[in-house]
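The following questions and answers introduce a structure to a reader who has not met it before. Please keep the sequence and the model in view while reading.

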Amino acid sequence: MAKTKTKAAPPAATGRHELDSNLVKALSHPLRMRILSRLNETVASPNELAREFDESLPLLSYHVRILRDLGCIELVRTTPRRGAIEHHYRALTRPALDEQDWAQLPKSVRQDVSNTVLARVFEDVRKAVTTESFDSRTDHHLSFTPLVLDEQGWTELNRRMVELLDWAMEQQAESAGRLQDGESGGAEVLARLAMISYPAPRAEAEAEAKESAKPRRRTKR
């Protein structure tokens, strides 16, 4: 499930967690989510994003205006371009929701968010493999691990993943400081961290569990 570093609104008197309606509106359209994700990584203009996403400039500009009006992005600078003014934006919030927010979203919106994130992950991995950067280092991590957990185990797994994400963001901030001060001892590493935990299809999960439970014959050496 996607996570966020933004602060949620305080609970109402009834104790119900208040959903950030502006963020929900931002995430309710796949293109807006892509824009917000990209502006979390860099400062860019609608024209630059339109070329990167292969979308029309009017459509891109329309969704950028919505994100600006929702308070999700802000104008950083303007640049004269051929008699016009190009506006460059950056994100003010990360394009994700915490667990309580996520639970309140309609299933259709949750599916749209998941599809957008997964499509971005798969495309980025594809590019890394195609350009041969994926295996350019020997100290990267790649694993696929089927698990059989109870509710407590599932909850703990996701809690630990959130902790890892928080730690990774802290490492990015600390790395930026070391790089700026020339104390990193090397060049910057352009890394990606993709984490996914999801309920497996029932039939396949049961088959995997039976296979893993079979006794293994030890081979003689």
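Q: Is D124 buried, partly exposed or exposed?
A: This is a predicted model, in which local features need pLDDT of at least 70 and side-chain atom pairs count only at pLDDT 80 or more, while totals for chains, interfaces and linings use all residues. Residues are numbered from 1 along each chain as its sequence is written, and side-chain values use heavy atoms, with hydrogens and water left out. Buried means under 20% relative accessible area, exposed over 50%, and partly exposed in between (1.4 Å probe, protein chains only). Because its relative accessible area is 27%, D124 is partly exposed.

Q: With which residue does R192 form a salt bridge?
A: A salt bridge is a side-chain nitrogen of Lys or Arg within 4 Å of a carboxyl oxygen of Asp or Glu. R192 is exposed, with a relative accessible area of 61%. The closest N and O atoms of the salt bridge are 3.0 Å apart, and the partner of R192 is D124.

Q: Where in the chain do R192 and D124 lie, and how many residues apart are they?
A: Helices (H or I, at least four residues) and strands (E, at least two) are DSSP runs, numbered from the N terminus. R192 is in the loop between α7 (151-181) and α8 (202-213), whereas D124 is in helix α6 (residues 107-130). The pair thus links distant parts of the chain, and the separation is 68 residues.

Q: Which residues are joined into one network by salt bridges that share partners?
A: By the rule for salt bridges, the count comes to 13. Some of these salt bridges share partners, and the network they form joins R38, E41, E52 and R120.

Q: In which order do the elements of the protein run from the N terminus on?
A: The protein has eight helices and two strands. Four helices come before the two strands and four come after them, giving the order α-α-α-α-β-β-α-α-α-α.

Q: Which residues of helix α3 are buried, and where do they lie around the axis?
A: Helix α3 covers residues 46-53, and its buried residues are P46, L49, A50 and F53. The arc is that of the directions from the helix axis to the C-beta atoms. These residues cover an arc of only 105 degrees around the axis, which puts them on the same side of α3.

Q: What covers the buried residues of α3?
A: Contact means heavy atoms within 4.5 Å. The cover of the buried residues of α3 includes α2 (30-39), α4 (57-69) and β2 (84-91).

Q: Why do the buried residues of α4 lie on the same side of the helix?
A: The buried residues of α4 are L60, S61, H63, V64 and L67. In general, an α-helix has 3.6 residues a turn, so residues three or four places apart point the same way. The buried residues of α4 are on the same side because they cover an arc of only 165 degrees around the axis.

Q: Which exposed residues does the face of α4 turned away from its buried side carry?
A: The buried side of α4 has cover that includes α1 (21-27), α2, α3, β1 (73-81) and β2. One residue on the face turned away is D69, which is exposed with a relative accessible area of 61%. The exposed residues carried by that face are P58 and D69.

Q: With which residue does the side chain of D69 meet in a salt bridge?
A: Side chains of opposite charge can pair when their charged atoms come close. In this salt bridge the distance is 3.5 Å, N to O, and the partner of D69 is R68. At 37% relative accessibility, that partner counts as partly exposed: R68.

Q: How many residues apart are E74 and R90?
A: The side chains of E74 and R90 meet in a salt bridge (2.5 Å, N to O). The pair links strand β1, which holds E74, to strand β2, which holds R90, and the two are 16 residues apart.

Q: With which side chain does the side chain of S45 make a polar contact?
A: S45 lies in the loop between α2 and α3, and at 0% relative accessibility S45 counts as buried. A polar contact is a pair of N or O atoms within 3.5 Å; within protein, one must be able to donate a hydrogen and the other to accept it, and residues adjacent in sequence count only if both atoms are side-chain atoms. Not counting residues up to four places away in sequence, S45 touches E86, H87 and H88. The polar contact, at 2.3 Å, is with the side chain of E86.
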